[in-house]
Amino acid sequence: MSVPTYPRRRTRWAVAAAATGAVALLFGTPTALAAASAPSSTTSQSAQPQVAAALYVSPTGQGTTCSLAAPCSLDQARTEVRTLAPSMSGDIDVELLGGTYQLASTFQLGPQDSGQNGHNVVYQAVSGQTPVITGAAHVTGWSEYDSSKGIYRAAVPAGTQSSQLFVNGARAQRARSALNPSGFTLSGSSFVTADSSYASFTNQSRIQIVDDNDWKQMRCPLSSITKTSSGGSSLNVSPTCFANNNTNVPNAGFPFNGSGLPALNGISRIENAYQLLTQPGQFYLDSSAGYLYYIPLSGQSMTTADVELPEQQELVDLSGTPGHLAPQLYNASGVSYSGSWAVSSGRPYGDLGNAVEYSATNGDSATFTFTGTGIQVLSETYSDEGTVDVYVDGTKTETVNASSSTRVAQQPIVDISGLSQGAHTVKLVKTGGQYLLVNAYTVTPDPVAPVHNIQFDGITFTGTTWTQPDSTGYIDNQAGVLWAPGTTTPQLIPAAVQVHRGNDVQFDNDVLDHLGGAAIDYADGTQNSTISGDQITDVSAGGVLLGEVDDYYLADTKLMTSGDVVTQNLIQHVGQDYHDAVGVWAGYTASATISNNDIGYTPYSGISLGWGWGWQSDCTLQAKQGLSTPCRHGTDYAGGNQITGNFIHSVMGILHDGGPIYTNGGQGLGTGVASAPCQQTSVLAGNIVADGNDTNNMLYQDEGSSCWNTYNNVAEFGGDDWIGMWTPTINNIDIHDNYSDNSTYNNNGTGITFNQATIATGGVWPSAAQQIMQAAGPTSGQGPATAGVTDDDSLAIAYTGTWSDSGFRGDGDYQDGVHYTSTNGDQATLTFQGTQVSFATETNSDEGTFEVLVDGVNQGTFNANASTRHAQQTLFTSQVLASGKHTITVVKESGTYLLVDDFTVK
């Protein structure tokens with residue numbers, strides 16, 4: 001079996017629903033749990049909303065009637081909603097009939113499309129039907145192109161751009177080399193090999209090299225491939241992309257990133273060359289020539305195959321105003337300074353751009369003319385700062401004081417909102433203190449007008465692509481947050497469903513799959529919105545994104561990302577192309593709830609919440625970490641967030657330095673100083689984290705994490721530590737009443753109240769831990785296993801003895817992983833609801849015999865020993881049982897290993 005060569009991995013479904021009282025005991029008050037577990041805006045069954053109008057649409061709809069007999073198009077229904085909305089007396093239901101809605105452009109909704117008068121506009125599937133919104137084109141006309149290699153070809157419009165392909169509902173693999181190809185050395189910005197074949201590759205500028213390195217993935221296109229003097233090949237990386245990923249890696253420091261490293265210095269694979277098209281299930285798109293190439297899998301007929309080539313980047317965009325807010329530095333257009341001002345650059349304190357304009361003379365003024373409805377002026381606060389008179393359009397409105405005992409950068413000393421739309425001036429006049437500093441101005445260009453009261457229910461979203469890495473590369477920072485090429489401006493990967501400045505937006509019971517970017521993004525101050533009961537699978541980048549990484553300084557609560565709920569979702573197999581992406585990612589958020597989700601089979605972390613590293617930790621803590629002083633120190637608005645009741649499993653399959661739950665940067669709305677570290681506390685409770693693979697910490701509270709209450713979590717089959725806090729900038733965390741099958745931990749934080757977890761051995765968990773397991777994950781997954789395949793990491797399986805897990809194996813196991821034991825007598829028991837059950841394992845020379853019991857009755861001994869390895873081998877199927885609840889137990893008898901791959905229930 002060669003167990004040591006495989007990463008450890010495992011997951012489990014919850015086994016039974018816990019009583020309300022028991023759950024309340026685990027998490028706190030029943031009220032707090034209810035808030036963490038259910039969407040706040042969901043209407044109860046006993047109070048269904050009144051429907052004022054129903055509009056029917058179909059993929060082929062025409063006209064303006066929008067009735068069931070004469071459905072209209074999706075665009076026409078939007079037009080009708082705009083007419084009806086101002087006088088809404090109940091919800092407007094836009095009923096989508098089944099079928100495929102192929103989009104030629106993004107379906108856009110704005111404030112004018114929102115529900116009014118307290119009612120909602122609901123885009124929902126007609127009962128019993130499946131509407132599919134897709135950005136993919138259906139490709140036909142296939143013919144055999146190269147019979148020796150089994151390659152088929154179809155014509156597509158010349159210039160078609162796409163990085164993904166889906167065949168018969170499964171992701172095809174873009175043509176690529178073997179993993180970690182050997183023989184390459186880095187020479188300048190080129191990777192050189194003795195292999196001469198690369199020099200003959202065609203369309204060389206479309207070829208990419210990919211480097212999976214620690215917690216980052218880096219991609220760069222080639223500029224060319226040339227022959228070396230010794231007859232080999234030199235893969236010459238695009239100089240700009242190589243600089244961004246190697247010689248000039250962005251390292252803006254807190255609050256934008258940590259070390260900036262690692263850098264691109266190796267090749268994990270080479271992608272997107274016709275000459276690499278060698279394996280069934282691979283494709284290659286020659287955009288300039290207008291041909292798509294594909295090698296069918298065994299049994300696939302290209303005459304009947306459903307081949308979908310994504311062309312759209314986004315499917316649905318809901319955008320209110322203002323959009324993304326970006327500070328302008330002190331020398332922006334429209335700024336003038338009167339008096340004896342000077343520039344201080346290269347500052348080490350954390351100012352945006354590391355520079356400020358400053359004056360030491362009372363009466364000096366700074367004037368900024370802008371167009372918009374509001375403005376924030378960023379400065380430093382410190383003991384040498386003083387009072388400032390603020391004038392708006394020539395009228396003095398206030399006097400502010402920038403004096404504070406501690407130096408804090410990027411502070412909005414002026415925050416003006418609610419101006420009429422148009423041109424305005426803000427003038428700052430120095431009246432006291434030693435200095436007045438101006439760092440940046442952030443203009444609110446439009447009124448705060450969210451897109452709101454819109455719901456999508458029961459819709460499938462599929463078939464997107466994202467092609468930016470093909471041209472400019474993938475300049476990674478961390479966790480699917482990139483740098484815009486050639487800048488230190490953060491960039492998030494675009495999502496199929498994008499919400500900007502939303503309020504009371506809901507995506508419930510939807511399916512988001514086969515996507516080339518991220519799945520769904522609640523961005524730019526989206527508030528009080530819900531993602532609930534969705535299935536998010538097979539996604540190139542992240543599953544759910546919340547918030548931003550560059551709006552930490554906001555003082556106006558109307559502009560903050562807050563009050564959003566991500567609950568009861570199944571999120572699996574994200575990061576399929578961009579391995580640093582995570583299941584649920586949240587940047588700066590307030591009062592967000594991430595609860596009762598099943599997140600699994602990810603190449604990097606499961607949940608990642610927070611940003612800023614040690615930004616909110618004061619200079620004393622940064623000095624303890626060994627960082628230079630003076631330090632980069634500021635505040636953010638994050639706080640009051642909850643990560644509760646999630647089941648997170650089989651993560652960290654490819655990259656390193658992450659975990660099932662990962663936190664970063666300060667919470668608590670505080671300054672990170674010892675006198676007032678936590679104005680609010682965030683909660684990390686009741687989660688099951690399992691099967692860590694390359695995880696170093698199952699609960700990973702990374703640099704600068706602060707103001708967390710971490711309790712009632714269960715860590716099993718994990719990495720090195722059940723919890724890790726590696727450095728002094730991690731501060732003010734209360735850790736208590738947790739459970740683990742591993743006693744190791746890392747606590748080098750400051751002000752940590754640490755209580756060791758209760759350690760379970762031999763798979764025997766205390767009753768309190770069992771109750772947490774029973775309540776974790778989506779409600780639909782709690783209880784015995786039901787009809788279908790149950791993976792080895794299901795919570796419905798109880799492992800007793802000395803079991804371990806092995807994931808991302810590449811041996812063909814179901815979901816690419818197994819549980820295994822080398823101890824005779826160890827048991828795996830599945831509780832299920834059904835009439836028949838089967839057990840699948842691997843057969844191999846190091847496997848032996850095992851005993852099976854159904855409902856405690858011995859079914860005999862079975863043999864998994866074979867001369868060669870075979871995956872997904874069903875070695876036992878029970879007789880038909882009476883309908884009801886049953887158990888099957890598999891007991892190791894002999895051989896080196898017993899493997900559990902899956903059970904199938906009928």
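These legends walk through close-up views of a predicted model.

**View 1. The open parallel sheet.** Eleven strands line up here in the order β4-β22-β40-β43-β46-β49-β52-β55-β58-β61-β64, with parallel pairing, and the sheet they form is open. At its edges sit β4 and β64 (746-747), each of which pairs on one side only. Zoom in on one pair: β40 (residues 495-500) and β43 (residues 518-523) run parallel and are joined by five bridges. To find one of the partners, start from V497 and look across to I520 in β43.

**View 2. Helix α4 and its two sides.** Helix α4 spans residues 239-247, and its buried residues are C241, F242, N244 and N245. Because these residues cover an arc of only 160° around the axis, they lie on the same side of α4. Turn to the other side of the helix and you meet P239, T240 and T247, which are exposed. The buried residues of α4 have plenty of company: they pack against β13 (185-187), β16 (216-227), β17 (233-237), α5 (468-472) and β37 (476-478).

**View 3. Two cis peptide bonds ahead of prolines.** If you are checking omega values, have a look at the bond from F254 to P255, which is cis with omega near 5°. P255 belongs to the loop that links α4 with β18 (269-271). A further cis bond runs from T321 to P322, where omega is near -5°. The loop holding P322 lies between β22 (316-319) and β23 (328-329).

**View 4. Positive phi at two asparagines.** N117 is not a glycine, yet its phi is positive, near 60°. You will find N117 in the loop between β4 (107-109) and β5 (121-125). N203 is another non-glycine residue with a positive phi, this time about 45°. The loop between β14 (190-193) and β15 (208-213) is home to N203. Is N203 buried or partly exposed? With a relative accessibility of 29%, N203 counts as partly exposed.

**View 5. T462 and its surroundings.** T462 is part of strand β36 (residues 460-462). This threonine has a relative accessible area of 11%, so T462 is buried. Which backbone atom does the side chain of T462 reach? The side chain comes to 2.9 Å from the backbone oxygen of D513. Leaving out residues up to four places away in sequence, T462 touches V132, I133, T134, G135, L315, D513, H514 and L515.

**View 6. The nonpolar cores.** In soluble globular proteins, nonpolar side chains tend to be buried together. The largest nonpolar core in this model has 142 residues, and Y123, I209, L318, F456, F461 and F507 are the ones that touch the most other members. Apart from this core lies another, of 25 residues, including W341, F370, I375 and V400. Back in the largest core, F456 makes a good place to stop and look around. Setting aside residues up to four places away in sequence, F456 touches L109, Y123, V316, L318, F461, Q506, F507, D508 and D510.

**View 7. Helix α7 and the glycine that follows.** Helix α7 covers residues 767-775, and its buried residues are A769, I772, M773, Q774 and A775. After α7 comes G777, a glycine with a positive phi, near 80°.

Notes
Residues are numbered from 1 along each chain as its sequence is written. This is a predicted model: local features need pLDDT of at least 70, side-chain atom pairs count only at pLDDT 80 or more; totals for chains, interfaces and linings use all residues. Side-chain values use heavy atoms; hydrogens and water are left out. Helices (H or I, at least four residues) and strands (E, at least two) are DSSP runs, numbered from the N terminus. Buried means under 20% relative accessible area, exposed over 50%, partly exposed in between (1.4 Å probe, protein chains only). A polar contact is a pair of N or O atoms within 3.5 Å; within protein, one must be able to donate a hydrogen and the other to accept it, and residues adjacent in sequence count only if both atoms are side-chain atoms. Contact means heavy atoms within 4.5 Å. The arc is that of the directions from the helix axis to the C-beta atoms. Two strands pair if DSSP finds at least two bridges between them. A nonpolar core is a set of buried Ala, Val, Leu, Ile, Met, Phe, Trp, Tyr and Cys residues joined through side-chain atoms within 4.5 Å.
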